[in-house]
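Biologist: Could you take me slowly through the main nonpolar core and through the elements that build it? I would like one connected account.

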Amino acid sequence: MIVALLNQKGGVGKTTLALNLAGELAGRGKRVTLIDADPQGSALDWSEQRSRCGLPRRFGVVGLARDTLHREAPELAKSVDNIIIDGPPRVAGLMRSALLAADLVLIPVQPSPLDGWASAEMLVLLGEARIYRPELVARFVLNRCDARTILARETAEMLAEHDPPLLAATIGQRVAFAAAAQTGRLVAERDDATLAAREIAALADELLRLPIGRSAP
Ligand SMILES: Nc1ncnc2c1ncn2[C@@H]1O[C@H](COP(=O)(O)OP(=O)(O)O)[C@@H](O)[C@H]1O
Ligand SMILES: [Mg+2]
């Protein structure tokens, strides 16, 4: 299964969720490769930081920020169980390529009025990709959300009927995500990040239950 975390908005949690999801699946015994498709290379930076800290490799990280991704990712997918693509910010060609590569597109969003969640441009690209890949599955995932706030509840209700739909699993606003990343770690590797780790596990559980076309995990 190839999962792409995409949203042309920066700072919504693409890299954070991509890394922790990759780690979670690797922890479950899957062979995982993370493709850093962001020219800024934050996932690659994390990986270098991790090896500088002498931490063991949990999954491979490769930089592939080019618009041949849709041809290269399926090739890489042959030798692993899961590919996670950490998507680029607002680069149409790269975004299109990542959409064509993916079995599942996850769009991280933060609680905010609906029109701020993903640009019309990105949803148009998603629609275009579905012409070629009708089986492409897409979901919003609410990140940095405090489930008790009215805004989170309202946005979740608003998106319940939306396409793409919103996942039931949400990720809270937790400093552990940033603290873990700074030392090349995942939240599951920190003692003080139980809630964050549990949320990532629940996210993985829900993703693995989705009806994904090409190759079931
Ligand atoms: N759920 C969260 N709780 C707290 N901080 C978060 C959360 N998700 C992301 N962050 C922080 O927000 C910043 C942007 O996240 P990042 O994953 O780099 O976004 P993107 O890849 O979409 O640009 C990072 O500093 C990250 O540590
Ligand atoms: Mg990023």
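**The largest nonpolar core**

Modeller: In this predicted model, the largest nonpolar core (buried Ala, Val, Leu, Ile, Met, Phe, Trp, Tyr and Cys residues joined through side-chain atoms within 4.5 Å, where buried means under 20% relative accessible area with a 1.4 Å probe, protein chains only) has 38 residues, and those touching the most other members are L34, F59, I84, L106, V187, L203 and L207. Two or more residues come from each of β1 (2-5), α1, β2 (32-36), α2 (42-52), β5 (104-109), β6 (137-142), α7 (175-182) and α8, with helices (H or I, at least four residues) and strands (E, at least two) taken as DSSP runs numbered from the N terminus. The most comes from α1, which gives seven residues. Leaving aside residues up to four places away in sequence, I84 touches V3, L5, A18, L21, A22, L25, V32, T33, L34 and I35, a touch being heavy atoms within 4.5 Å. A second, separate core has 30 residues, among them V80, L125, L126 and A138.

Returning to α1, this helix (residues 14-27) packs against α8 (residues 194-209) at an angle of about 75 degrees, with the axes 10 Å apart, and therefore the two helices are roughly perpendicular (65 to 115 degrees). On the α1 side the contact is made by L17, N20, L21, E24 and L25, which meet I200, A201, L203, A204, L207 and L208 of α8. Of these contact residues, nine are nonpolar, one is polar and one is charged.

Residues are numbered from 1 along each chain as its sequence is written, and side-chain values use heavy atoms, without hydrogens and water. Local features need pLDDT of at least 70, and side-chain atom pairs count only at pLDDT 80 or more.

How values were computed. Chains are lettered from A and ligands numbered from 1 in the order in which they are written. Axes are lines fitted to C-alpha atoms, for helices over the stretch in contact, and angles run from 0 to 180 degrees between N-to-C directions. Angles under 35 degrees count as roughly parallel, over 145 as roughly antiparallel, 65 to 115 as roughly perpendicular and the rest as oblique. Ala, Val, Leu, Ile, Met, Phe, Trp, Tyr, Cys and Pro count as nonpolar, Asp, Glu, Lys and Arg as charged, and the others, Gly among them, as polar. Buried means under 20% relative accessible area, exposed over 50%, partly exposed in between (1.4 Å probe, protein chains only).
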